[in-house]
Amino acid sequence: MALASAALIQMSQPAAVFDGDFRLVCCNPAAVALLDLPPGLTEAGTPMRDIILHQAKQGAFDGAEADARIRSLGTTPTVRMEYCRDDGRIIMVRRDPLEDGGFVVLYNDVTLQREAEIALQENERRYHAVVEDHPDLILRFTPDGRITFVNTACCRFHGLQRDAILGRN
């Protein structure tokens, strides 16, 4: 385990390893920084319950959710989830079981990714609103001439439903 701990410490991705009794084996500096863990919670043997309660105090989630997470520790070996902290950061958590009964937890700050996804969705919504509401006929073609998009004005002009036009050459 010493080699694995040494490798974990060098990882840039926030990560922690817990034993089968839900006690911390080791965590890397990136996890300490991301989770704002005080020194007392980074020592081997620290119960995961204490780390979850600390995260709740930091605004990661409320007390009821913390209790639910603590109760689910022994029942859910694999976890994929995201939560939004009080500071607005969105943290993705991935917990996977290890052969010895423990598990590894990987953390990612996905705030920028989620913000980019929201911006992209908004841009697509605006684009489609402009194109759909435009009074001119708008069509999009593949290089071989197959129609892949028509706006409402084009459908009205031809007196056809969108599905009757799409895919035609």
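This tour moves through an aromatic cluster, a charge above one of its rings, a buried arginine and a nonpolar surface patch. The model is a predicted one.

**Stop 1: the aromatic cluster**

Begin by selecting F18, F22 and F103, which together form one aromatic cluster. A search of the whole structure finds two aromatic pairs. A pair of aromatic rings is described by the distance of the centres and the angle of the planes.

Display F18 and F103 first. Their ring centres are 5.3 Å apart and their planes meet at 20°, so this pair is stacked; the cut-off for stacking is an angle under 30 degrees. Colouring by secondary structure places F18 in strand 1 (residues 15–18) and F103 in strand 5 (residues 103–109), so the pair ties together parts that are 85 residues apart in sequence. Both F18 and F103 are buried.

Now add F22 to the view. F22 and F103 form a tilted aromatic pair, with 5.8 Å from centre to centre and 45° between the planes. F22 belongs to the loop between strand 1 and strand 2 (24–27), whereas F103 is in strand 5, so this pair ties together parts that are 81 residues apart in sequence.

With a surface switched on, is F22 buried or exposed? F22 is partly exposed, at a relative accessible area of 25%. For F103, the relative accessible area is 3%, so F103 counts as buried; the limit for that class is under 20%.

**Stop 2: a charge over the ring**

Keep F103 in view and select R95. The charged end of R95 sits over the ring of F103, at 4.7 Å from the ring centre.

**Stop 3: an arginine in helix 4**

Move next to R69, which is placed in helix 4 (residues 63–72). R69 has a relative accessible area of 14%, so it is buried. Which residues does R69 touch, not counting those up to four places away in sequence? Select I52, F61, M81 and Y83 to show these contacts of R69.

**Stop 4: a nonpolar patch on the surface**

Finally, select L137, L139, F141 and F157 and show them as a surface. These residues make a nonpolar surface patch of about 400 Å². One of them, F157, can be centred for a last look: F157 is found in helix 6 (residues 152–158). The relative accessibility of F157 is 60%, so F157 counts as exposed, the cut-off for that class being over 50%.

Notes. Residues are numbered from 1 along each chain as its sequence is written. This is a predicted model: local features need pLDDT of at least 70, side-chain atom pairs count only at pLDDT 80 or more; totals for chains, interfaces and linings use all residues. Side-chain values use heavy atoms; hydrogens and water are left out. Rings of Phe, Tyr and Trp (its six-membered ring) pair if their centres lie within 6.5 Å; planes under 30 degrees apart count as stacked, over 60 as edge-to-face and the rest as tilted. Helices (H or I, at least four residues) and strands (E, at least two) are DSSP runs, numbered from the N terminus. Buried means under 20% relative accessible area, exposed over 50%, partly exposed in between (1.4 Å probe, protein chains only). A charge sits over a ring if NZ of Lys or CZ of Arg is within 6 Å of the ring centre and within 35 degrees of the ring normal. Patches are made of residues with over 30% relative accessible area and no salt bridge: like charges are joined within 9 Å, nonpolar side chains (Val, Leu, Ile, Met, Phe, Trp, Tyr) within 5 Å. Accessible areas come from the Shrake-Rupley method with a 1.4 Å probe; for residues, only the protein chains shown count as cover. A salt bridge is a side-chain nitrogen of Lys or Arg within 4 Å of a carboxyl oxygen of Asp or Glu. Contact means heavy atoms within 4.5 Å.
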